[in-house]
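Me: Got a minute to go through this one with me? I'd like to hop around a few spots.

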Amino acid sequence: MSTAVAQSHVFGLRAAVKNNLLFLDEQTIIFPCGNNCVRYNIDTKQQKFIPGTERSQGMQALALSADRRYLAVSERVEKATISVVDLHQEQNRRRRVLTGGENPVEEFVCMAFSPDSKFLIGQAGGPDWTLFLWMWEKKKVLATVKTSNSGPVHQVSFNPQDNTQICVAGSGVFKIFSYAAESLKQLKTFKTDSHNFLCHTWLSAEQVLAGTQSGQLMLFESGRLRWEIGVTPVLRAASSSEERGADGSRSAPPQISSIVAYSNGFACSAGPGTVCLFERTENEEHYRRSKDIEVPPGAFTSGSSISDQQEISSLVLSPSEETLVASTDLGQLYSIHLSLVELHKTARVEFEFLSQSFHHNIITGLSTCIRKPLIATSSLDCSVRIWNFETHVLEMTKEFPEEAYSVALHPSGLYVLVGFSDKLRLMTLLMDDMTVFKEFPIRSCRECTFSHGGHLFAAVNGNVIILFSTTTLEDVRSLKGHNEKVRGVVFSADDSRLVSCGMDGAVYEWNTLSGALETDSVLKTSSYTGVAVSPDGKTFFAVATDCALREIQDCQILREMPSGDVVCTTVAVSRSGRAIFMGTSAGSVRVVRYPLPIQNQWLEFQAHAAPVTKMVITFDEQFLLSVSEDASLFIWRIIDQEEQGLKREKELIYSEETLITKSELEEKNKLILELSRRVEELEEDKKSQLSLQQAEYRKKIAELSETFLQQITSLNHDKEVLKKEKHTQRGAHAAALLEISKKQQKELEDIESANIQKLMLEYEKYQELHEKLHRIEREHEQQLRRSEESKSRELTEMMEAYEAKLEEKLTLLKQCQSESQQRVREFEEYIRQQEEDADSEILQIASKYEFNLRAEKEDNSRLKVELQTRTKQFQELQRDIESRNLENEKLKQELHKLQAVIRSLEGDIQGLKITIQGRDGIIQNKVSDLPGDLISVPPEPEATEKDIIQLKKENNVLKKKEEVTNYQTEHMQEQIEPKQKEIEELNEQIQEMKGELEEFLKSNTQLELNIAELSLKLKAKDKEMHRESVKAQSTGVLLQRFRADLLKCVESIQEPKKLKESVRELHKCYAQPSDTGEKEPEDPDTLQEHSRQREHYEKIISTLKNQLSRDAKIFQASKLKLMKEHVALSKELSALREELQSCRSSINARAGRTDWKHESGRTTKLPPLL
């Protein structure tokens, strides 16, 4: 990876962290920001960073040791942890990571080090509220205790003079525990159920001062409440009327959220934005309120600011007690010098910002310009701030009544575009203020940006992008195409194109001149949150909520890089196009090399503690800027692999111009003239006052000189008197000294004469003793010669006897070595034969199983072929049955048709019969009406009878056809029944064949399992045999080493001391108990035996194993025997050495002296043993 980032500077404070402000030394403070702890130097304004744990869900609390070397950080990763960091190490190395052990702990809400920095206490959160005591260097939990039943615990601390006493304060909880006998026991009880203790501090070894939510200060001493005082709220002059309610009543009493003690008293919070200083009175038992320190009002704001209502969350004093630093619940840092507080005449003093004011809510917008090193940020805290990324200074801030959702800086750095909840405003950046220049009716504009040339700016109104002209401030065109909200808008490098992305999964490229949609890429399954354009303007990079980075070109997604389980929220591309930067929902920053790698590779850096909202690269490509929902702004330095900044193509010169209105300029000029006039007046006043002061000082100098001259003359007179007294006393001392010296001389002469006489007597006695000594020495030398002669004879006899014994032992040792070598060779030959037999048997087994496997495979293939043929036959029969069924259906349909025709014809017949009957009746009636001569001539019904006959014929034909069809259907049913029986028989045969096939497959898999099991057993046996052979080789090497060491030991047999040391070393090396080979337990068979062959081979393997173990035991027994013989030899050598030493001591005792080696100037040497 050629490009990376390094943290340069941060702006922000995590207010939710307990004890979030610490003094490391007189110039350095530590505070949390994002997922880091910042070491900030107050004088040089430099920052160093202590990174948090990866995948951390946020810091909970901080604690600093008493020696200011170790920092404890409470975090939530997978479970609650406490990391202890060594601040004296260059890289702030983590020393230890502490957890609750087996106890389930979700978080540690507060911590504290012991006075000697050896112990650490941590208060776990609810519902258990358990207090842990660690010896943190050993990661050992010494004791635990439950401190509360329901209410939260706010602070824990050690007694500053006693490691065993611990104080715990919380809601209805104020307890002091003592550590003894590996447990924490409560020492003192207080009736505190009605109080919510937010903080406490130790004033001495017996006194604890606590602050409550109701504004009460309570001093406890030796187990009882000493005194209690209420802290009255401080009302500011500008807002005292606002703090009263509608009925005139005052607001709630101030809560005391932080207390810090110092040598003359203590400081505590007293309501919104106020800190009270209390000093010890003369009786040293009570304290009086001396000063009130207030938080300054918000800068560049009119009227009351939200900063006036912020609560003090933490107070800390520098080691020299010169500086007081406070942090608030709105993430601000303030400081004040206590020496200035004492010099201030009024009772109220104001804090100063420690560095700059920070955002305290989600930062929604981020932008930078080209002509100035400026950064603009907008936040939901209703403020817009301008920062300088080179000097790390807050240039300007302004608070508004509405929330700011987006911000954009003009490339010149003279204008800023801010999207508020009610309107979009274009403002001018003046010297010390922002003034509204133009308002646009766009509500809740979430995205806005200027073009690189500054002639256009784009603003998002829901799902519509509106382009404005910076010159005319008119609506140029509206870009419509997104179906949901637009989440990203960016111009190309030449400003000819505009790229946008939205929640509808669309990435569009617009032509800024014509407003036409040129390219689009829509993926409805995802929602894009950010987009960036490559320097050439041809490739787009978009991040979406489906955890992916997509490279888009010409309406196509060229590559998609998944980001794991983390959602990427924003993306930025360097102007060189070599790197892509992404911000994630976990608050980290990722750097990806471009072109995108094939594998998912990136560098990840811990940064924020909440999702990254915006990310921008400066125009000179030296810095990466990122903001987050945790209200922090990070400035990253873009570096290469050698941790050097990227080289600039050309030096960028920033402009220093600033805008100012004419009225402000005139006011400032008037103010300058008035101030210059006042300066002249003050100079004249100072000159006159100076002349008067000089005259007074001259008079005082003259008076002082006269008094000093008088004192000098009196002192000179006293000096002369003292000199005279000195001369008289010196003469008296000289005379007395002369008399004393004469007396001393006489006494010295008397003593010398007496000593000379005594010396002569002593010399005579010395001469007599000297002669007696010479006589005794001659007698002693004669006795010594005699004893040495006898001793040498005895020693030679003993040496000869011991040499004979040693030769016998050496021959015995050689025989044992030859026998052991022979047994080793036999064992190796036996192992080789066993290996050959096992290999041959294994080959036979493998060949047999391979043959069986081939046969099973052939049967399996044959059965498959038969199955295919039977299935084809079955399919043909099914087709025949289906065709027959179709024919039956056709015949049935024809039958139904014929029956319908018959029924219709029968109906016609009945109708005709009815008509015939009607006609017959009519005819009869007419005939009865006719005269008689006409009645005898009846009509001829030929036509009607013909019709009836024809119908009867057709009816007969139809009945015949019906009989034929009935016969055919009966015949077909008779044919279908045997076919169905055949089909059922074939189905049964197919099921039987399937069962047989499954059995064959099971047997095949079982055979494969057997082969695999046998191969595994064979490998295990090979390993065991190899291990035994290695053990045998090591035993042979050990015997050779023992033989060589024994020969070396024998070489030094003439020197007893060296022999003793060598035998000891030999005993240490070889006389240890040998390791016995462990017999591997036989694995229980979990599968049932399916064949006699498997039982046979398992029996063979078990017999081989038993035989191998017996041989190993035999070899081990021989080895133990050799070692025992070696031990016996070493014991005999030590016994011989002891006998030799005893002989020497007896000879020396008879001679009566210790030095028996020298005899009248010559040395007696021992005869050689070998």
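**A hairpin to start**

Reply: Sure, and keep in mind that this is a predicted model. Strands β35 and β36 (residues 415-420) run antiparallel and are joined by five bridges.

Me: Which residue stands opposite Val 407 there?
Reply: Val 418 in β36.

Me: And the turn, which residue takes a positive phi?
Reply: Gly 413, with phi near 80°. The hairpin of β35 and β36 has five residues between the strands.

Me: How many residues of β35 are buried?
Reply: Six of its six, so the strand, residues 404-409, is mostly covered.

Me: OK, cores. How many residues are in the largest nonpolar one, and which have the most contacts inside it?
Reply: The largest nonpolar core has 48 residues. Those with the most contacts inside it are Val 5, Ile 29, Phe 31, Leu 333, Phe 581, Leu 624 and Trp 636.

Me: Which strand gives the most to this core?
Reply: Strand β57, residues 633-640, which gives six residues.

Me: Where does this core lie relative to the domains?
Reply: It lies between domain 2 (201-233 + 253-358) and domain 3 (362-480), because both give residues to it.

Me: Back to Trp 636, what does it touch?
Reply: Leaving out residues up to four places away in sequence, Trp 636 touches Val 5, Ala 6, Gln 7 and Ser 8. It also touches Val 589, Phe 605, Gln 606, Ala 607, Gln 622, Phe 623, Leu 624 and Ser 626.

Me: What's in the second core?
Reply: That one is separate and has 19 residues, including Phe 119, Val 145, Val 156 and Ile 166.

Me: Phe 581 came up earlier. What is its bridge partner in β53?
Reply: Val 591. Strands β52 (residues 579-584) and β53 (residues 589-593) pair in the antiparallel sense over five bridges.

Me: What order do the strands of that open sheet come in?
Reply: β51-β52-β53-β54, four strands with antiparallel pairing. β51 (568-573) and β54 (603-605) are at the edges with a single partner strand each, so one side of each has no neighbour in the sheet. On average, neighbouring strands of this sheet are turned by 20° against each other, direction ignored.

Me: Which residues does UniProt list for the WD repeat?
Reply: The unreviewed entry lists residues 356-397, 479-520 and 605-638 under "repeat: WD". In the model, the chain over residues 605-638 is 56% strand and 0% helix, with its end C-alpha atoms 12 Å apart.

Me: Switching again: where is Glu 322, and is it buried or partly exposed?
Reply: Glu 322 is in the loop between β26 (312-317) and β27 (323-328). Its relative accessibility is 38%, so it counts as partly exposed.

Me: What does Glu 322 touch?
Reply: Glu 26, Ile 336, His 337, Leu 338 and Ser 339, not counting residues up to four places away in sequence. Glu 322 is also 9.5 Å from Leu 340, C-alpha to C-alpha, with the two 18 residues apart in sequence.

Me: And Gln 207, buried or exposed?
Reply: Buried, because its relative accessibility is 16% and the cut-off is under 20%. Gln 207 lies in strand β19 (residues 207-212). Beyond its neighbours within four places in sequence, Gln 207 is in contact with Thr 201, Trp 202, Leu 219, Phe 220, Glu 221 and Tyr 287.

Me: Last one: where is Thr 1035?
Reply: In helix α4, residues 942-1051. Thr 1035 counts as buried at 4% relative accessibility, and it touches Phe 1115 and Lys 1119, not counting residues up to four places away in sequence.

Methods. Residues numbered from 1 in each chain as written. Predicted model: local features only at pLDDT ≥ 70, side-chain atom pairs only at ≥ 80, totals over all residues. Heavy atoms only, no water. Core = buried A, V, L, I, M, F, W, Y, C linked by side-chain atoms within 4.5 Å. Buried < 20%, exposed > 50% of the residue type's maximum accessible area, 1.4 Å probe, protein only. Helix = DSSP H or I, 4+ residues; strand = E, 2+ residues; numbered from the N terminus. Domains from an automatic or database assignment. Contact = heavy atoms within 4.5 Å. Pairing = 2+ DSSP bridges. Axes fitted to C-alpha atoms, helices over the stretch in contact; angles between N-to-C directions. UniProt positions renumbered as here; feature names shortened; annotations may be inferred.
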